[in-house]
Amino acid sequence: MLKTKPSADDADLSKIYYSKPSITELEVQYAQDAAANGWADNCFDYLNRFEKEFADWLGVKHTVATTGATGALHMGLVALGIGPGDEVILGDINWIASASPIVYVGAKPVFVDVREDTWCLDPVKVEAAITPKTKAIMAVHLYGSISDMDALLDIGRRYGLPVIEDAAESMGSRWTNGKRTGTMGVFSAFSFHGSKTMTTGEGGMFATNDDGLALTVKALNAHGRLPGQTKQFWADMIGYKYKMSNIQAALGCAQLQRVEELISRRRDIMHAYKGRLGNLPLALNLEPKGTVNGYWMPTIVVNRDVSFDRDALIADMRAHNIDARVFFWPLSMLPMFEAKPENEVSYSLYPRAINLPSYHDIREDEIDRVCDVIRRHV
Ligand SMILES: Cc1ncc(COP(=O)(O)O)c(C=O)c1O
């Protein structure tokens, strides 16, 4: 019989969080230094350093630090000239933050079904969804999995459409050509939210190799003042202010110094889950041959032919003091969009899937505890 209530022993067990950043003395030192000294002539020191070091690490020409991936996507869409009447294609299973910026600019998000194995856009269905109004394809690399960039870039070339990469969840992932996610599209966006592989509390990054886009986004992020504009308080266009603060950037510099350690820990945690759950009738985050998955968030998807109650599993995990997260909903299910149940894979995935705890300092015995609960439900 399923155990749904914790025993006296379980109740004593410490809470297992689904995510929690790894903050060491280095992050504290940098943030303290920025708070104490990062003002007046030094007010952009950590910010400039973070943008430069992130660009070097990623392998792109230009970066602009932002308040989050949402702002980076928003400004990138504006810089591409996407607006009312336009359509942007993206996967139906997604976090709302990928779609909202498309709505902010007055364009329509067109939700296309995803692949069963990567949970990312299905290129065959992307091509079928292209209309004369389509102005871009947004490849979201979900939970660290990589969209099929060869196929999407090929479609982009054939139809003259820019491919945008939402790399908010894919720090550390690499495509078959060895390139990091976020370096292959016309521009990309990263998130440094507290749940992400590296964090600045809240924060994000716009990245591109396109000189013109970079210049426009730099201006947009400074209330429309073009870089090099010498007239004080003069705006060249209506812009935004999605700026990261110098103190957040100090945290970012420290996390970036540790980024390979942070990514490698995510991979170790994923392998620990794969070792324990691999014999159950479920799929875990895929790493297609020749790619590297940054494994931001370990996820199980129970096989279609298995009777499974997602909510019962989540309730059981909570009863055992374990955080659990539902898989993203198909965005077309949300009240502000038109339902698209024909996106059969997306509508079938979410009730069969949950995300598992994966914070940096999670212990082997805690992973055992999570897997023990899962085994009773699958
Ligand atoms: C796929 C995806 N896109 C965009 C975002 C937005 O990032 P932020 O919260 O940094 O604005 C997130 C954040 O959770 C995300 O997961």
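The exercises below, each with a worked solution, concern the sheets, helix packings and ligand shell of a predicted model.

**Exercise 1. Describe the open sheet of seven strands: what is its strand order, and which strands stand at its edges?**

Begin with the order, which runs β1-β7-β6-β5-β4-β2-β3 with mixed pairing. Next, look at the two ends of that order: β1 (62-66) and β3 (108-112) each have a single partner strand, so one side of each is left without a neighbour in the sheet. For the twist, neighbouring strands of this sheet are turned by 20° against each other on average, with direction ignored.

Then take one pair inside the sheet, where strand β2 (residues 87-91) and strand β4 (residues 134-140) are joined in the parallel sense over three bridges, and where E87 has T134 in β4 as its bridge partner. Finally, add the helix that covers part of the sheet: helix α7 (residues 149-159) lies across β4 and β5 (163-166), and its direction makes an angle of about 170° with β4.

**Exercise 2. Describe the open sheet of four strands, and find which residue stands opposite L284.**

The order is β8-β9-β11-β10, and the pairing is antiparallel. The edge strands, β8 (282-284) and β10 (325-326), each pair on one side only. Turning to the pair at one edge, β8 and strand β9 (residues 299-302) run antiparallel and are linked over three bridges. Within β9, the residue opposite L284 is I300.

**Exercise 3. Classify the packing of α2 against α9: what angle do they make, and which residues form the contact?**

First, helix α2 (residues 25-37) and helix α9 (residues 246-257) pack at about 155°, with their axes 8 Å apart. Angles over 145 degrees count as roughly antiparallel, and α2 is therefore roughly antiparallel to α9. As for handedness, α2 and α9 cross in the right-handed sense.

The residues come next: α2 contributes L26, E27, Y30, A31, D33, A34 and A35, while α9 contributes N246, I247, A250, L251, C253, A254, Q255 and Q257. Sorted by class, this contact of α2 with α9 holds ten nonpolar, three polar and two charged residues.

**Exercise 4. Repeat the analysis for α4 with α8 and for α10 with α13: at what angles do the axes lie, and what classes of residue make up each contact?**

For the pair formed by α4 and helix α8 (residues 211-220), the angle is about 120° and the axes are 9 Å apart, which makes α4 oblique to α8. The crossing of these two helices, α4 and α8, is right-handed. M75, G76, V78 and A79 of α4 meet L213, T216, V217 and L220 of α8, so that by class the contact has six nonpolar, two polar and no charged residues.

For the other pair, the axes of helix α10 (residues 259-277) and helix α13 (residues 364-375) come within 10 Å and cross at roughly 40°; α10 and α13 are therefore oblique to each other. Their crossing is right-handed. Here A272, Y273, R276 and L277 of α10 face E364, I367, C371 and I374 of α13 in the contact, which by class has six nonpolar, no polar and two charged residues.

**Exercise 5. Which residues come nearest to the ligand, and which elements give two or more residues to its shell?**

Of the 13 residues around the ligand, those that come nearest are G68, A69, T70, A97 and S191. The elements that supply two or more residues to this shell are α4 (69-79) and α5 (96-104). By class, the shell divides into five nonpolar, six polar and two charged residues.

Key. Residues are numbered from 1 along each chain as its sequence is written. This is a predicted model: local features need pLDDT of at least 70, side-chain atom pairs count only at pLDDT 80 or more; totals for chains, interfaces and linings use all residues. A residue is near a molecule or strand if its C-beta atom, placed from the backbone, lies within 6 Å of it. Axes are lines fitted to C-alpha atoms, for helices over the stretch in contact, and angles run from 0 to 180 degrees between N-to-C directions. Angles under 35 degrees count as roughly parallel, over 145 as roughly antiparallel, 65 to 115 as roughly perpendicular and the rest as oblique. A crossing is left-handed if the near helix is turned anticlockwise from the far one by less than a right angle, and right-handed if clockwise. Two residues are in contact if their C-beta atoms, placed from the backbone, lie within 7 Å. Two strands pair if DSSP finds at least two bridges between them.
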